[in-house]
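Visitor: I would like a close look at a single helix and its surroundings. Please take me through one part slowly.

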Amino acid sequence: MIPTLPRPGWLRVGTALYVGAFLIFLFLPLVTVAVFAFNNAPYPAPPWHGFTLDWFLGDEATGRVGLFHDSDLLASVGTSSVVACWVTALAVTVGTANAFLMERAQFPGKGVLSLLMLTPLVIPGVILGISILAFASRIADFLSDALGLEADFLRPGLPLVVLGQFSFIAAIATLTISARLKRFDRTLEEAALNLGASRAAVLWTITLPYLRPALIGSAAIAFLMSFENFNTTLMLVGSDAPLTIMMYGRMREGATPVLNAVSLFLMLASAAIALTLVRRGRRAGND
Amino acid sequence: MPELARAVWSRRLLLTLLLAPALLWLLLLIVLPHLDLALLSFRQRVAPRQFVPSLAQYRTFFTEPLYWHVFLRTALMSAGATALTLLVAFPIAWTIAKLARGRMSALLFVVCLIPFWVSETVRTLGWMILLRESGVLPQLLVHLGITAQPVELLYHDATILVGLVYTSLLFMVVPLVGSLESLDNALIEAAYDLGAKGGAILREIVIPHAAPGITAGCIVVFMLTLGNYLTPTLLGGKNSLWFTEQIYNQFITRFNWEQGAAFGFLLLALSTAMVWFGLKVSGQRFSDVMRRA
């Protein structure tokens, strides 16, 4: 129960043990991945054969292709980054427009639209993927049959992956940015207008700076969600595989510890983003 | 009054400009693709590029035992994983919201969140290294003398459940902590002073108060589990028999889009039905739940 009520000793000990076991459960897989990136053996499995950096630095000459010489893996990291940048830019832009639309404008059908904006979050990613795949193919077929145009960007490939991920990440960006815009004190804008500022100047010097934490936060979340997305991407991917798809393929075949090496970098990057966001969030909360 | 007319006109223009991205996004990427998917699922190919409207895809689903077995199995295992996630997450959420104080509580919360910032692919890789026959835990069991030979811990239903619970924990812990923090300790103390035992307090005070958080968590976890692909296929291997895998097979491997579309719609129907049911049972609004999650 709660600290102000008497708690029997076994309950205190039990709680502590449970929290400990829970934390081990949470971190065991991650620690394992990290540790076996350094094992001097061709497979990520025990026993421990000693420490090596081969899975980072090795090349054909050493017989072990490490992360920095694995051109396929590096290319997939590049692909994921490009996709994530596009998704982030699109999602934050559309999310900002949506936030102003929902918080500031009045128009018929607003309730329906706000409900519709949440639906991408309750549609399983696989289904978002196949529906966009089928629809894009239908348009591409139509263009090809009726007009003789080959719209390659509507065939499975990176442009479709960007659109597929954007379709639900935009909803998350909209929620994040709307939440902050809702708390904005509009008298600040009115004061600036009274003092003779133009609407554009008010937006640029007052409203957008206020939204900055939400814009940065939603950009970071959008980038991370895009980079890590699997379900939607799997259905829309063409010949260039993003990192998650590439890793999935190799994991099914039984891969070398080079996957652990790339995972270690992913973990460090996500932890850095997460901690920055948490710290920023706490500072914003104290203001 | 040209002044007023211009003001109205510029307001119209602004509204149109703001509406355009939202409408393009929702119509082109959500509404139309799903209508198209529905059309696709209700037709049948009779000759190359010749289609007739038909219910054949749905008939196949109900007459072919494999398909509806996998569907039912996916639904039941998702429900099981959701219940397990709730059981595992509740004590942690309680500790964060009620037992730990100040910095300790915030720290514990952040520590619980960190693993979920890491890609699901990486987390699944970790479980595979831990559980496969040549992996860490089977070797450890041999070492401790519990089993004579390394046992294969991958490719069981229980493995899939562990993986799914692991992946889902965050989405349960966050709404639970939110709803438990708003519970006034004085209510619990009052109940205790009036002689209520732990079980009664939990049943009469804590659970009714936390119901919105519990529902939000369960809805999100069930939905994500149902639509998961990576964890069941990697941890379950050939035995996973997960419905999203069937959709993938029809769409990508067999190129039978009509059948795949029908499967997709069935999964969407189940997912939507559960969300709706959860909201009805707890009497909540959809938008509130999504915001909470």
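Guide: What follows starts with one helix of chain B and then widens to the chain and its partner. This is a predicted model, in which local features need pLDDT of at least 70 and side-chain atom pairs count only at pLDDT 80 or more, while totals for chains, interfaces and linings use all residues. Residues are numbered from 1 along each chain as its sequence is written, and chains are lettered from A, and ligands numbered from 1, in the order in which they are written.

The part is helix α11 of chain B, residues 243–253; helices (H or I, at least four residues) and strands (E, at least two) are DSSP runs, numbered from the N terminus. Its buried residues are F243(B), T244(B), Q246(B), I247(B), Y248(B), Q250(B) and F251(B), where buried means that 20 or more other C-beta atoms, placed from the backbone, lie within 10 Å of the residue's own. They pack against α3 (65–99) and α12 (257–282) of chain B, and also against α5 (125–147) and α9 (231–236) of chain A. Just after α11(B), F255(B) has a positive phi of about 60 degrees.

As for the two chains, 69 residues of chain B are in contact with 71 residues of chain A, contact being C-beta atoms, placed from the backbone, within 7 Å. Helix α1 (residues 2–41) of chain B supplies the largest share of chain B's side, 15 residues.

Chain B as a whole has 13 helices and two strands. Of its 293 residues, 44% are buried. Its C-alpha atoms fill a box of roughly 70 × 65 × 35 Å along the principal axes.

How values were computed
Buried ≥ 20, exposed ≤ 12 C-beta atoms within 10 Å, placed from the backbone.
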